[in-house]
Amino acid sequence: VALHRLRRLLGGVERVHVEDGRVRLDRTQCWTDAWTIGALTAAGGEMSDESTQRVLALYAGPFLAGDDEPWALQARERLRKRVLAALAATARRREDNGDLAEALVCWQRGQEVDDLAEEMYQGAMRCLMRLDRRAEAMGVYRRLRQLLSVTLGVAPSIWSSIQCATVVTM
């Protein structure tokens, strides 16, 4: 019944295939944001600003949030890692080019994607320090410390702590 409803919803039998007891969509006739994000980030390295913007526009949050099936968890984690890697690569490139404000936006967006991704906080602190916005950099460190403490019961890495100490001693 569910398969019949899915085929009717998608507009045709040819769009949904059943093989070895598994249901799959025909990629030539169906489109998903997850597939597009996967294709755009497949290289795992540097992406154009246009591709990065497209990934960010498509990524609407955790893949199938609330579904704790093992296959969904694996797909969710894979997609999250790819989006974070794309953001980090773009942010680093922008930092290297001296575009600190745009790099900061990428680092902050990474914090939204995964609020426990310490690298995203480190990048934001680095940009804020270079922009001479020390109080904000300190605030980023405090948020990181609080999140890690409450959520995982751990302190930030030594690298984050060194960056914070640099902010304080400047």
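## Starting with Arg 80

Two residues are in contact when heavy atoms of theirs lie within 4.5 Å. Keep that cut-off in mind as we look around this structure, which is a predicted model. A good place to begin is Arg 80, which sits in helix α4, a stretch running over residues 70-96. If we skip the neighbours within four places in sequence, Arg 80 is in contact with Tyr 59, Val 113 and Asp 114.

Is Arg 80 buried or exposed? With a relative accessible area of 17%, Arg 80 is buried, because anything under 20% counts that way.

## Salt bridges

How many salt bridges does a search of the whole structure find? There are eight. One of them brings us straight back to Arg 80, which pairs with Glu 77, and the closest N and O atoms of the two are 2.4 Å apart. These partners are three residues apart in helix α4, so about one helical turn separates them. Their surroundings are not alike: Arg 80 is buried at 17%, whereas Glu 77 is partly exposed, with a relative accessible area of 33%.

Another salt bridge joins Arg 109 and Glu 112, where the closest N and O atoms are 3.6 Å apart. This pair belongs to helix α5 (residues 100-113), and because the two are three residues apart, they too are separated by about one helical turn. Glu 112 is exposed, at 59% relative accessibility. As for networks, salt bridges with shared partners tie Glu 77, Arg 80 and Asp 114 together into one.

Then there is the salt bridge between the side chains of Arg 92 and Glu 119, at 2.4 Å from N to O. Here the partners come from distant parts of the chain: Arg 92 is in helix α4 and Glu 119 is in helix α6 (residues 118-130), with their positions 27 residues apart. Arg 92 is partly exposed, with a relative accessible area of 37%, and Glu 119 is partly exposed as well, at 34%.

## The inside of the fold

Now for the nonpolar side of things. The largest nonpolar core has 33 residues, and the ones with the most contacts inside it are Ile 37, Val 83 and Trp 107. Which elements give two or more residues to this core? They are α2, α3, α4, α5, α6 and α7, the last of these covering 134-152.

Ile 37 deserves a closer look. It touches Val 55, Leu 58, Tyr 59, Leu 79 and Val 83, again leaving out residues up to four places away in sequence. Tyr 59 may ring a bell, as Arg 80 is in contact with that residue too. Ile 37 is also one of the buried residues in helix α2 (residues 33-40), alongside Ala 34, Thr 36 and Gly 38. The cover over the buried residues of α2 includes α3 (49-58) and α4.

## Two cysteines, no bond

Generally speaking, a disulfide is a covalent bond between the sulfur atoms of two cysteines. How many disulfides does this structure hold? Zero. Cys 106 is in no disulfide, and the nearest cysteine sulfur, in Cys 127, is 9.0 Å away. Seen from Cys 127, the closest cysteine sulfur is that of Cys 106, and 9.0 Å is too far for a bond. To count as a disulfide, the sulfur atoms would have to be within 2.5 Å.

Both cysteines are hidden away: Cys 106 is buried at 3% relative accessibility, and Cys 127 is buried at 0%.

## The largest pocket

Rolling a probe the size of a water molecule over the atoms shows where empty space is left. The largest pocket holds about 820 Å³ of space. Its lining is made up of 18 residues, and those nearest the centre are Trp 35, Phe 63, Trp 71, Ala 75 and Arg 78. Two or more lining residues come from each of β2 (22-25), α2 and α4. Which element gives the largest share of the lining? That would be α4, with six residues.

## A loop before α4

We finish with Asp 68, found in the loop between α3 and α4. Asp 68 is exposed, at 57% relative accessibility, because the bar for that label is over 50%. Setting aside neighbours within four places in sequence, Asp 68 is in contact with Leu 73 and Arg 76. For a sense of distance, Asp 68 and Lys 81 are 13 residues apart along the chain, and their C-alpha atoms are separated by 18 Å.

Note on methods. Residues numbered from 1 in each chain as written. Predicted model: local features only at pLDDT ≥ 70, side-chain atom pairs only at ≥ 80, totals over all residues. Heavy atoms only, no water. Helix = DSSP H or I, 4+ residues; strand = E, 2+ residues; numbered from the N terminus. Buried < 20%, exposed > 50% of the residue type's maximum accessible area, 1.4 Å probe, protein only. Salt bridge = Lys/Arg side-chain N within 4 Å of Asp/Glu carboxyl O. Core = buried A, V, L, I, M, F, W, Y, C linked by side-chain atoms within 4.5 Å. 1 Å grid on protein atoms, 1.4 Å probe; cavity = no way out; pocket = protein on both sides within 12 Å on 5 of 7 lines; lining within 4 Å. Points joined across faces, edges and corners; volume = space filled by probe spheres on them.
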